[in-house]
Amino acid sequence: MQHLKRKRTSPHYVPDFMATSVLDIDFKLLHTKGIRYIAFDADSTLVQFRGKELSKESKTFLQEQRNLFDGWCIASNRITNDLLPLAESMDAQIVQATLFTRKPQKRFYKWVLRHFGGKPQEIAMIGDKLIADMYGAKRMGLMTVWVQQMGKDSIWDRVFNVRRWERRLMKSHVNS
């Protein structure tokens, strides 16, 4: 996990940390920084797009990290009701988007804050999207960990070249 040096003037989409995958995250470091709660994005972060099951390696790793935190949840824009098996496999609850309330809206992140009942600085958002996950969470004062996407993106992300735009946005912030 790489720590990014955020400046006061850094845009909200610039994450606090970058990781190659969930397996690369230093959860003990997050814990020592005062993080009590973790919100995970599902698609392309924990599982491939529309996936429903953690890899054996991820499941074991997350189970080992779970006791460091008071709670964690899956905070997903997926509006289908198929996240429960994934959540149960990692001892998490679900904060799920609706058709009209989605990441990166402040309203969605207020749901995350209310779910945990914690302060923004006690919560870390882990996700693969700069705008939906990092920007939305950072605007609400959460710590952020940006992971490389896992597997193929949705058709809409491919049509709009989301990853190309993310690389451009981050170009001046990664090695500064």
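These are legends for four close-up views of a predicted model.

**View 1. Helix H2 and its buried side.** Look at helix H2, residues 56-65, and you'll find Ser 58, Phe 61, Leu 62 and Gln 65 buried. They span an arc of only 95 degrees around the axis, so they end up on the same side of H2. Flip over to the other side of H2 and you meet Lys 56 and Glu 64, both exposed.

**View 2. What H2 packs against.** The buried residues of H2 have three packing partners: helix H1 (27-32), strand E3 (37-40) and strand E4 (71-76). As for E4, six of its six residues are buried, so call this strand mostly covered.

**View 3. Strand E4, side chain by side chain.** In a regular strand, side chains alternate between the two faces of the sheet. Here Gly 71, Cys 73 and Ala 75 point one way from E4, while Trp 72, Ile 74 and Ser 76 point the other way, and all are buried.

**View 4. E4 and its strand neighbours, E3 and E5.** E3 and E4 run parallel, joined by four bridges, and Tyr 37 sits opposite Gly 71 in E4. To get from E3 to E4 the chain goes through H2, making a right-handed β-α-β crossover. E4 also pairs with strand E5 (residues 93-96), again parallel and with four bridges; here Ala 75 stands opposite Val 95 in E5. Helix H3 (residues 84-89) joins E4 and E5 in making a β-α-β unit, and this unit is right-handed.

Definitions and conventions: Residues numbered from 1 in each chain as written. Predicted model: local features only at pLDDT ≥ 70, side-chain atom pairs only at ≥ 80, totals over all residues. Heavy atoms only, no water. Buried < 20%, exposed > 50% of the residue type's maximum accessible area, 1.4 Å probe, protein only. Helix = DSSP H or I, 4+ residues; strand = E, 2+ residues; numbered from the N terminus. Arc of directions from axis to C-beta. Contact = heavy atoms within 4.5 Å. Pairing = 2+ DSSP bridges. Right-handed = clockwise from strand over helix to strand, strands pointing away.
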